[in-house]
Amino acid sequence: MSFLKSLPPDAGLLQVFQAFPKAARPLLEYHEVLLRGESPFSAAERELIAAYVSGLNNCNYCRAVHSQTANAILEILSGSGLEHVDHKMRPVLAFVRKLTRSPSKITAADVDPIFVAGWDDRALHDATAICALFNLMNRLVNGLGVEAPESYTKLAAHRLALGGYKQLADVLGE
């Protein structure tokens, strides 16, 4: 239930963004660059990172939307599910887990397995940035009391899989 008095109790994140478009627009533009722009990670892998971080933070709204988006992207691209995520992602997910749970304890020993798995500096940057973005988003969603039924998260995931985040910025008022 949304905690914002100016919005209905069942307001979703899009309604929050529409209520505060000046803050939401650059945030959505950053989502588009980070989650759909050029990266060593596929769009599905980036959504998986977002879903994983959201799960660690107990942000059910973001976990549901982004895990379903990762699934939808994989289904669109290959007709397969998340069971086909490359084993190279394991050190990345271990890293973002520690970065989410105990960020001040990150050391080179946490990063080295990412490079050993064949990822490069850009991958480390992108994994770190996605983790940071979703720690921010999870606090925003949980702090504002944003929740949604599964039917909504499935629809939102389908839209993100097909159109990315730019479409959300396009529907914001000024």
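Started at the end of helix α8: G164 comes right after it, with a positive phi near 70°. (Helices here are DSSP runs of H or I, at least four residues, numbered from the N terminus.)

Note to self on the source: this is a predicted model, where local features need pLDDT of at least 70, side-chain atom pairs count only at pLDDT 80 or more, and totals for chains, interfaces and linings use all residues. Numbering runs from 1 along each chain as its sequence is written, and side-chain values use heavy atoms, with hydrogens and water left out.

Then I checked the length of α8. Its 14 residues, 150–163, should span 20 Å at 1.5 Å a residue, and the end C-alpha atoms are 20 Å apart, so the two agree. (The expected span is 1.5 Å times one less than the number of residues.)

Next, which residues of α8 are buried? I got T153, A156, A157, L160 and A161. They sit on the same side of α8, because they cover an arc of only 135° around the axis, taken from the directions from the helix axis to the C-beta atoms. S151 and L162, on the other side, are exposed. (Buried is under 20% relative accessible area, exposed over 50%, with a 1.4 Å probe and protein chains only.)

Last, I looked at the largest cavity (a set of points on a 1 Å grid over the protein atoms alone where a 1.4 Å probe fits but cannot get out; lining residues have an atom within 4 Å of a point). It has 17 lining residues, and L13, Y61, A156, L160 and L168 lie nearest its centre. Helices α1, α2, α4, α7 and α8 each give the lining at least two residues.

Technical notes:
On a 1 Å grid over the protein atoms alone, a cavity is a set of points where a 1.4 Å probe fits but cannot get out, and a pocket is an open set with protein on both sides within 12 Å along at least five of seven lines; lining residues have an atom within 4 Å of a point.
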